[in-house]
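Student: I would like to learn how to read pockets, cores and cysteines in a structural model. Could we take them one after another, with the general idea ahead of the particular case?

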Amino acid sequence: MITTILISYSAAIIMDRIPLKYSLEGLPKKERKQLRAIIKKKKRFVLAIYVIINIGILLTLKYFNFFASSSIGLLGWLGINVSAPVIKIALPLGISYYTLQSISYVVDVLRGKYKAEKNIFKIALFISFFPQMHEGPFGRYDALMPQMTSGEQIKINNLYNGIAQMFWGMFKIFMVANRAAIISDAVFKNHESYGGFTVIIGVIAYTIQLYAEFSGYIDVAAGVSKIFGIGLAKNFDMPFLALNVGDFWRRWHISLGGWFRDYIFYPISTSRALMKIVKNLPAFLANLLTITIPLFFVWFLTGLWHGASSKYIVYGLYYFVLMIIFNLISPLVNRVLSKNNITSENRLIKGLRLTKTLILVGIGMLMFRAENLLVFRQMLGSVFSRGSEFQLFSAIEPNDFIIFILSFIVILLSVIMKLKDIDIESRFEALSSYKKYWICFCVFCIVVIFGAYGLGYIPPDPIYGGF
């Protein structure tokens with residue numbers, strides 16, 4: 001992280017100083033244009049060196065063994081036997097998060113969004129801001145830095161609101177996610193024995209676990225930040241109400257999607273290289289390639305970001321294929337609906353689209369949780385076969401199951417209230433300090449008394465914390 005801080009600070013400062021070496025004043029228009037092109041080229045060269053070093057650190061520490069073993073396997077398949085060392089090193093906490101976040105800062109300096117920060121300790125604060133290091137969300141420098149350096153004292157309202165959000169996140173993790181993990185582990189770790197509806201139960205339990213845990217950690221991070229008067233980026237917006245997979249990813253891990261949109265999709269889709277490729281093509285094909293090529297890189301890298309495994313790459317490309325298919329057939333579907341005077345607001349159509357999206361996301365979750373692609377294929381196939389009978393209460397104690405269901409209903413109620421435009425946060429903020437104190441105290445007691453933790457219980461590792 002120290003290296004990332006140093007090179008991010010240095011790269012931005014160097015890029016900011018490059019124009020100072022040249023004077024545009026008094027030059028003819030043509031020469032000014034040429035000089036600007038030279039400045040731009042030099043800045044991009046600095047950015048390229050910076051990205052190579054920064055991403056190189058990430059690739060070496062996180063992906064070296066994966067790429068080495070994959071290359072050896074490929075060469076072995078071609079009849080060339082080679083070997084490579086295995087790097088055994090503890091991965092720095094949050095490396096995938098702070099690497100991308102630091103790149104966004106330097107790229108935005110290049111784009112002229114803001115000036116390079118001259119105080120290295122501010123850059124260090126931005127990159128190493130501890131609440132979001134573990135699981136995000138990804139923050140932007142221009143959004144976070146003014147809040148971090150405003151020098152405001154801790155306010156009693158921020159304190160209560162932050163603590164309440166932290167406890168709500170802990171409620172999701174200890175009451176829901178950790179118990180859903182018991183059910184999903186029972187199915188996925190014995191997948192050879194099960195088939196049919198049991199596999200679907202395992203996928204649903206894992207989906208609940210992943211959402212409750214990830215959004216719970218984000219709530220804890222946002223709550224801690226709120227205590228200090230810092231608002232983090234929004235990361236979830238009721239993703240399981242999405243009507244297509246593109247909509248799902250606009251609601252799930254929003255800050256990661258925004259990063260790939262701004263720093264991968266747009267630069268590639270507007271690049272000169274892509275413009276040259278599509279320049280002389282028919283309009284339909286040009287439009288298709290302008291979307292397809294950037295999307296491929298976005299989803300390939302999204303999959304790779306999640307982990308050093310071919311499973312994650314295929315997981316990313318799975319969504320790439322779904323989105324391309326959706327883009328191709330949605331105009332046809334809309335035309336058919338329009339001819340039959342059926343609007344997109346039709347409840348039956350919305351219900352069918354919601355169901356279709358949940359099934360496709362469920363398949364993605366199955367791939368995400370399965371140990372590898374072979375296990376994924378076996379489990380997906382076993383959905384259509386019969387397996388051993390699943391003994392739910394041999395996997396989870398009845399008391400734990402009841403607490404899990406009741407807690408999950410509480411989360412569902414919070415979603416329903418949001419759908420009815422009931423702003424829970426605003427209502428909480430409007431309460432007196434006395435009422436806020438007792439609400440926080442009650443939630444804390446519920447988590448302490450009924451939460452899944454303690455002796456004899458092995459909590460699952462944070463899923464997104466491993467990325």
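Tutor: Let us begin with a pocket, keeping in mind that this model is predicted. The second largest pocket has about 1,000 Å³ of volume, and of the 29 residues lining this pocket, Leu47, Val51, Tyr263, Ile264 and Pro267 are the closest to its centre.

Student: How is such empty space found, and which elements each supply at least two residues of the lining of the second largest pocket?

Tutor: In general, a probe the size of a water molecule is rolled over the atoms, and this shows where empty space is left. Here the elements that each supply at least two lining residues of the second largest pocket are α2 (29–77), α3 (95–110), α10 (254–269) and α12 (283–306), and among these α2 gives the most, with 10 residues. By class, that lining divides into 22 nonpolar, two polar and five charged residues.

Student: What is the volume of the largest pocket, and which residues are closest to its centre?

Tutor: The largest pocket holds about 1,400 Å³ of space, and 40 residues line it, those closest to its centre being Gln165, Trp168, Asp219, Ile424 and Glu425. Two or more lining residues come from each of α7 (156–188), α8, α17 (398–419), α18 (424–429) and α19 (433–450), and the lining as a whole has 24 nonpolar, six polar and 10 charged residues.

Student: How should I read a nonpolar core, and how many residues does the largest one have?

Tutor: The general idea is that in soluble globular proteins nonpolar side chains tend to be buried together. In this model the largest nonpolar core has 102 residues, and those with the most contacts inside it are Tyr105, Trp252, Tyr319 and Tyr464. Helix α8 (residues 197–227) contributes the largest share of this core, 11 residues. If residues up to four places away in sequence are not counted, Trp252 touches Leu210, Tyr211, Phe214, Asn235, Phe236, Pro239, Phe240, Met365 and Tyr464.

Student: How many disulfides are there, and is Cys442 buried or partly exposed?

Tutor: A disulfide is a covalent bond between the sulfur atoms of two cysteines. The count here comes to zero disulfides: Cys442 is in none, and its nearest cysteine sulfur, that of Cys445, is 6.5 Å away, whereas a disulfide requires the sulfur atoms to be within 2.5 Å. Cys442 has a relative accessibility of 41% and therefore counts as partly exposed, and Cys445, with a relative accessible area of 23%, is partly exposed as well.

Note on methods. Residues are numbered from 1 along each chain as its sequence is written. This is a predicted model: local features need pLDDT of at least 70, side-chain atom pairs count only at pLDDT 80 or more; totals for chains, interfaces and linings use all residues. Side-chain values use heavy atoms; hydrogens and water are left out. A nonpolar core is a set of buried Ala, Val, Leu, Ile, Met, Phe, Trp, Tyr and Cys residues joined through side-chain atoms within 4.5 Å. Buried means under 20% relative accessible area, exposed over 50%, partly exposed in between (1.4 Å probe, protein chains only). Helices (H or I, at least four residues) and strands (E, at least two) are DSSP runs, numbered from the N terminus. Contact means heavy atoms within 4.5 Å. On a 1 Å grid over the protein atoms alone, a cavity is a set of points where a 1.4 Å probe fits but cannot get out, and a pocket is an open set with protein on both sides within 12 Å along at least five of seven lines; lining residues have an atom within 4 Å of a point. Grid points are joined across faces, edges and corners, and a volume is the space filled by probe spheres set on the points. Ala, Val, Leu, Ile, Met, Phe, Trp, Tyr, Cys and Pro count as nonpolar, Asp, Glu, Lys and Arg as charged, and the others, Gly among them, as polar.
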